[in-house]
2 protein chains.
Amino acid sequence: MRILVVEDFPPLSRAIVQGLQEAGYAVDSAGDGEEGLASAQACPYDVILLDIMLPKLDGLSLLHQLRKQHHPAAVLLLTAKDTVADRVMGLDAGADDYLVKPFAFEEVLARVRAMARRRYGQREAQVVIDDLEVDLVARTVTRAGRPIALSAREYAVLEYLCARRGHVVTRMEIWDHVYDFATEPSSNVVDVYIGYLRRKIDADHPHKLIRTRRGQGYVLGEPE
Amino acid sequence: MRILVVEDFPPLSRAIVQGLQEAGYAVDSAGDGEEGLASAQACPYDVILLDIMLPKLDGLSLLHQLRKQHHPAAVLLLTAKDTVADRVMGLDAGADDYLVKPFAFEEVLARVRAMARRRYGQREAQVVIDDLEVDLVARTVTRAGRPIALSAREYAVLEYLCARRGHVVTRMEIWDHVYDFATEPSSNVVDVYIGYLRRKIDADHPHKLIRTRRGQGYVLGEPE
DNA sequence: TCCCCGATGCGCATCCTGGTCGTCGAAGAC
DNA sequence: GTCTTCGACGACCAGGATGCGCATCGGGGA
């Protein structure tokens, strides 16, 4: 899952970004409204955390712009104000959820998880494929009942594959959702991580869970 | 689907071309407006990705020329500017969609898919013919419920046949939409791939799904 | 230490070519 | 109308080149 944080107060922004990264998300941040808009347009973020009071371009205007362009991200508004009028205005503008400052980081995490899941039309917090179980809330993976430890990046790749289970996913798409802006897509990292994952959860030959579509990408699940 | 990318900034161009190829499209590229116009006139592209700021001939002029010649391609404009005036000018010139830089690759892919589908008048993301099902989003194929693995090229041919289901399609047309400039049409590749497809999805004799129209081409579906 | 990521080389699926065989259809003879 | 003949077109096969995917190694960073 890839997340954008638009917040102008550096300590808060830093705290949120760090917390989300620790939770295994790919996170970018923007310090004002204009930067936020540009970033949002540049990337298919799954979730955008958006402060309302921002320099240059306020959060609600930004949200309006995004929705006008049919941006698919789920938006979580962060605000100091909490009146019914504010709340209505935010949700009317196309926000998916609403969080009033001050809030606990736990709260952020919970809502982000919920939104990310909703975004891919998954009701269940648990994805089951064959004897593999991925718990998207607990962020745990078991195969045939035995728990499997994944690194943050490994989990991120698996999570994205789960979100699009049964669909052919190109390397580029995986890249887009697992990496932030820091790196360049001119390498075989994705292959490498598919390899790691297979070694841990899909050791048999031929691979039954993560199937290769030569020249196209990978598919998770989808039997036969 | 065959796509032309007209973009003068090499890194961006390369990234887009590579990504689209990975997604199974036949892609050519042009580095300036004149080259772009020449390529567009030389080939029945389904989609053209067109930068506005270009050397020699700018994107809007190019677009005007194409529309004057009734070129059928769907055009996706790429631009750094994003004012209402720009947007209106682009769409008035006959563009089908509009993408503001910087953008994520996945955004490009989504819009290209949407345009390609619209272009062939398909609402559904899934094509069903008899007991054959082709999911154009998931890029999966099933016959009588059983999934069928196709290679990238096999899928590309089938996708094009789906797009023109019920119509007679010549070899040349298939070739045009499945291959880029790299190869020459002086062979029987298309026949060969029709053969591959039939073996996988249409094994019965006589072939019910992919019918031969001697001296003309092939038809997908269209009973009797 | 564990995780992350770029690079290299090998093996194989995929792709294409060229050739041969089978088949369809038109035209002509009866 | 029917049968025959011939030409052309399409189907299928198999060998070989290509390039993709995968495993692995090793350096760098947290």
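A polar contact is a pair of N or O atoms within 3.5 Å. In this predicted model, one such pair joins the side chain of B:Tyr193 to DNA strand C, where an N or O atom of the tyrosine side chain is 3.1 Å from a sugar or linking oxygen of the strand. Two further residues of chain B approach the phosphate groups of DNA strand C: a polar side-chain atom of B:Ser151 lies 2.3 Å from a phosphate oxygen, and an N or O atom in the side chain of B:Arg153 is 2.4 Å from a phosphate oxygen.

The surroundings of DNA strand C comprise 22 residues, of which the closest are A:Ser151, A:Ser187, A:Tyr196, B:Ser151 and B:Arg153. By residue class, this surface divides into twelve nonpolar, six polar and four charged residues. At least two residues of the surface near DNA strand C are supplied by each of helices H6 (152–163) and H8 (189–201) of chain A, and likewise by each of H6 and H8 (189–201) of chain B. On the side of the nucleic acid, 66% of the atoms of DNA strand C within 4 Å of the protein belong to sugar or phosphate, and the rest belong to bases.

DNA strand D is surrounded by 20 residues, and those that come nearest are A:Arg198, A:Thr212, A:Tyr218, B:Arg198 and B:Tyr218. Sugar and phosphate account for 76% of the atoms of DNA strand D that come within 4 Å of the protein. The surface near DNA strand D is made up of three nonpolar, nine polar and eight charged residues, and H8 of chain A and H8 of chain B each supply at least two of its residues. Arg171 of both chains faces the phosphates of DNA strand D, with a polar side-chain atom of A:Arg171 lying 3.1 Å from a phosphate oxygen and an N or O atom in the side chain of B:Arg171 lying 2.8 Å from a phosphate oxygen. A base is also approached, since a side-chain N or O atom of A:Asn188 is 3.4 Å from a base nitrogen of DNA strand D.

Turning to the protein itself, chain A is divided into domain 1 (2–119) and domain 2 (126–220). The C-alpha centres of these two domains of chain A lie 27 Å apart, and 16 residues of domain 1 are in contact with eleven residues of domain 2.

The largest nonpolar core holds 54 residues, among which B:Leu20, B:Leu49 and B:Ile174 touch the most other members. Helix H6 (residues 152–163) of chain B gives the largest share of this core, namely eight residues. Because domain 1 (2–119) and domain 2 (126–220) of chain B both give residues to this core, the core lies between them. Beyond its neighbours up to four places away in sequence, B:Leu49 touches ten listed residues that include B:Ile3, B:Leu20, B:Leu76 and B:Val112. A second, separate core of 51 residues includes A:Met1, A:Tyr25, A:Val169 and A:Trp175.

A charged residue of chain B, B:Asp28, is found in strand E2 (residues 26–30). The relative accessibility of B:Asp28 is 8%, and the residue therefore counts as buried, the cut-off being under 20%. The side chain of B:Asp28 makes polar contacts with the side chain of B:Arg2 at 2.9 Å and with the side chain of B:Tyr45 at 2.7 Å. Apart from residues up to four places away in sequence, B:Asp28 also touches others, including B:Ile3, B:Leu4, B:Val5, B:Asp180 and B:Phe181.

Terms used:
Residues are numbered from 1 along each chain as its sequence is written. Chains are lettered from A and ligands numbered from 1 in the order in which they are written. This is a predicted model: local features need pLDDT of at least 70, side-chain atom pairs count only at pLDDT 80 or more; totals for chains, interfaces and linings use all residues. Side-chain values use heavy atoms; hydrogens and water are left out. A nonpolar core is a set of buried Ala, Val, Leu, Ile, Met, Phe, Trp, Tyr and Cys residues joined through side-chain atoms within 4.5 Å. Buried means under 20% relative accessible area, exposed over 50%, partly exposed in between (1.4 Å probe, protein chains only). Helices (H or I, at least four residues) and strands (E, at least two) are DSSP runs, numbered from the N terminus. Domain bounds come from an automatic or database domain assignment. Contact means heavy atoms within 4.5 Å. A residue is near a molecule or strand if one of its heavy atoms lies within 4 Å of it. A polar contact is a pair of N or O atoms within 3.5 Å; within protein, one must be able to donate a hydrogen and the other to accept it, and residues adjacent in sequence count only if both atoms are side-chain atoms.
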